[in-house]
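Student: I have a structure open and I'd like to talk through what the labels on it really rest on. Can we take it piece by piece?

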Amino acid sequence: MTRTGHCMKIIVTGASGFIGSALVRSMVSMGHSVIAIVHSEKSDIRQLNKSGAEVIYCNTQEIRSLGEKISGPVDSCVHLAWVGSYGFEKSDYEVQIGNVRDTLELIETLSSMGVKKLVCSGTIAEKEVIRNFGTGSKNLPSNYYAVAKVAAHMMSEILCGKKGIGLNWCYISNAYGPGDRSTNFINSSVTKMLSGERTSFSSGNQLYDFTYIDDVVNAIAGILSDGVPGKTYYVGSSKCRPLKDYIKVIRDSIDPDISLHFGEVPSSDSSLDTQDYDISELSKDTGYEPVVPFEKGILKTIDALKDKLGRMDG
């Protein structure tokens, strides 16, 4: 239920992904009716089936027919589906342009279904793109992922305005935790340390914020319920730190004797500062407060990755 006790019927795209599956489970447990959109019958939907959500297969080519697959009115949609959020496809401009098109196609479909609320997942990297493009700065992304997110965000604002859909875009900052199958920084760093590989990093002086999956889910739930239409929210832990501080916490949680080799990986300095990691607007509008500190969340993540590595070795 929402804070006002209202149960919603919600579409979640990307429902079999890391954030999507956790969000679906949480929203169902809160009493909402959830329609989990999965793009392929090869996707792992065991957790979705256990949650009690309605699972619908619909790939991007079929998005216009989504309304035909769903019965009855729908209150809102959380759009998490995005091809190439990690790995080599981040650098494939055709894939990333396709994501922008798919987002706009979804908005057209939601409009035809009478859906009035849309929450989309963006990335903290969008802020750096917006700040640095056209300035001659060297702090530009090396791939098209964040640029495509910016394009999708701006075009979605325009189209949602035309269609009368209340849009909330979320700058999600480095979600992590058990269940994440990506090769993101946390997973790759933990895996290297557990495997005894050389731990080479950049200087680690740039500010970062890692947000535990439970806090990300709670933030999205709050935005669904109480987000102000048209607002963009930063979703984070409320405590940014230099990257090297996080790396040291990871190391100390695994083995304090592991040597850390800072400065071996080239990296441009981040142009983000503490104000870019401010959650005050999100807290004011929705009551969101992160509850899982990094020191606690990383222990759960390490345990999950240990289990995964153990199964692989077995």
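**How the labels are earned**

Tutor: Sure, and let's start with one pair: Trp-169 has Thr-232 in strand 10 as its bridge partner. Keep in mind that this is a predicted model.

Student: How do you know that strand 6 and strand 10 count as paired?

Tutor: Pairing takes at least two bridges between two strands. Strand 6 and strand 10 have four, in the parallel sense, so by that cut-off they are paired.

Student: And what makes strand 5 and strand 6 partners?

Tutor: The test is again at least two bridges. Strand 5 and strand 6 run parallel and are joined by seven. Within that pairing, Gly-122 stands opposite Tyr-171 in strand 6.

Student: What about strand 4 and strand 5, how do they pair?

Tutor: Strand 4 (residues 76–79) and strand 5 (residues 117–123) share four bridges, in the parallel sense. Val-78 faces Val-119 of strand 5 there. Further along the sheet, strand 1 and strand 2 are held by five bridges, parallel too, with Ile-11 opposite Ile-35 in strand 2.

Student: What order do the strands of the open sheet have?

Tutor: The seven strands of the open sheet go 3-2-1-4-5-6-10, with parallel pairing.

Student: Why are strand 3 and strand 10 said to stand at the edges?

Tutor: Strand 3 (54–57) and strand 10 (232–235) each have a single partner strand, so one side of each has no neighbour in the sheet. From one strand to the next, the twist averages 20 degrees.

Student: What packs on the sheet?

Tutor: Helix 8 (residues 213–226) does, and it touches strand 1, strand 4, strand 5, strand 6 and strand 10. The direction of helix 8 makes about 145 degrees with that of strand 5.

Student: Why is strand 6 called largely enclosed?

Tutor: Buried means under 20% relative accessible area. Seven of the seven residues of strand 6 meet that, so the strand is largely enclosed by the rest of the structure. Gly-166, Asn-168, Cys-170 and Ile-172 point one way, while Leu-167, Trp-169 and Tyr-171 point the other way, and all are buried. That fits the general rule: in a regular strand, side chains alternate between the two faces of the sheet.

Student: What makes strand 2 "mostly covered"?

Tutor: Five of the six residues of strand 2 (residues 33–38) are buried.

Student: On to helix 6: how do you know that its span agrees with its residue count?

Tutor: Helix 6 (residues 145–163) has 19 residues, and at 1.5 Å a residue they should span 27 Å; the end C-alpha atoms are 26 Å apart, so the two agree. Right after helix 6 comes Gly-164, with a positive phi near 75 degrees.

Student: Which residues of helix 6 are buried, and what covers them?

Tutor: The buried ones include Tyr-145, Lys-149, His-153 and Cys-160. Among the elements covering the buried residues are helix 4 (93–113), helix 5 (125–132), strand 5, strand 6 and strand 10.

Student: What makes the phi of Asn-174 worth a look?

Tutor: Most residues other than glycine have a negative phi. Asn-174 is not a glycine, yet its phi is positive, about 50 degrees. Asn-174 sits in the loop between strand 6 and strand 7 (175–176). Ser-238 is another non-glycine with a positive phi, near 85 degrees, and its place is the loop between strand 10 and strand 11 (241–242).

Student: Why are Asn-174 and Ser-238 called partly exposed?

Tutor: Partly exposed covers what lies between the 20% and 50% cut-offs. Asn-174 has 29% relative accessibility, so it counts as partly exposed. Ser-238, at 38%, gets that label as well.

Student: And why does Phe-262 count as partly exposed?

Tutor: Its relative accessible area is 28%, so Phe-262 falls in that class. Phe-262 is in the loop between helix 9 (243–254) and helix 10 (280–286), and its contacts include Phe-201, Lys-244 and Ile-247.

Student: Last one: what lines the largest cavity?

Tutor: The lining includes His-79, Trp-82, Cys-120, Lys-149 and Trp-169. The space in the largest cavity is about 30 Å³.

Definitions and conventions. Residues are numbered from 1 along each chain as its sequence is written. This is a predicted model: local features need pLDDT of at least 70, side-chain atom pairs count only at pLDDT 80 or more; totals for chains, interfaces and linings use all residues. Side-chain values use heavy atoms; hydrogens and water are left out. Helices (H or I, at least four residues) and strands (E, at least two) are DSSP runs, numbered from the N terminus. Axes are lines fitted to C-alpha atoms, for helices over the stretch in contact, and angles run from 0 to 180 degrees between N-to-C directions. Contact means heavy atoms within 4.5 Å. The expected span of a helix is 1.5 Å times one less than its number of residues. Buried means under 20% relative accessible area, exposed over 50%, partly exposed in between (1.4 Å probe, protein chains only). On a 1 Å grid over the protein atoms alone, a cavity is a set of points where a 1.4 Å probe fits but cannot get out, and a pocket is an open set with protein on both sides within 12 Å along at least five of seven lines; lining residues have an atom within 4 Å of a point. Grid points are joined across faces, edges and corners, and a volume is the space filled by probe spheres set on the points. Lists of a residue's contacts leave out its neighbours within four places in sequence.
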